[in-house]
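Visitor: Please show me the model, and let us walk through it together.

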Amino acid sequence: MKNYGLTWTDPDGTPRASVVSYDKASADDRKARLEAGGATNVEVVETKPGELAQPKG
C-alpha cells in the first residue's frame, strides 16, 4: 500500500502539511475539501511508511 500526504497554503499564506498519511482515494478527497475551503497550491505527495509530508516554505 502506498501512503500519501498533502501540502497546501492556507488562505492567509501559511504553508501547511498533513500530519497523517492517507490512501490515494482519501488524499484526493481531502485535497478537494481543502480547495473548497480556500487553500491554494494543494498537492498530494507520496510518502514512505512512517514519513510525513513537509510544508513548503
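Visitor: Which residue with a positive phi follows H1?
Guide: Helices, like strands, are DSSP runs numbered from the N terminus: H or I over at least four residues for helices, E over at least two for strands. After H1 comes a residue with phi near 100°. That residue is Gly38.

Visitor: What span should H1 have?
Guide: This is a predicted model, where local features need pLDDT of at least 70, side-chain atom pairs count only at 80 or more, and totals for chains, interfaces and linings use all residues. Residues are numbered from 1 along each chain as its sequence is written, and side-chain values use heavy atoms, without hydrogens or water. The expected span is 1.5 Å times one less than the number of residues. H1 has 13 residues and its end C-alpha atoms are 18 Å apart, which agrees with the expected 18 Å.

Visitor: Which element gives the largest share of the largest nonpolar core?
Guide: A nonpolar core joins buried (under 20% relative accessible area, 1.4 Å probe, protein chains only) Ala, Val, Leu, Ile, Met, Phe, Trp, Tyr and Cys residues through side-chain atoms within 4.5 Å. The largest one has eight residues, including Tyr4, Trp8 and Leu34. Strand E1 (3–9) and H1 each give two or more. The largest share, three residues, comes from E1.

Visitor: Is Leu52 exposed or partly exposed?
Guide: Leu52 sits in the segment after strand E3 (40–47). Exposed means over 50% relative accessible area, and partly exposed lies between 20% and that. Leu52 has 38% relative accessibility, so Leu52 is partly exposed.
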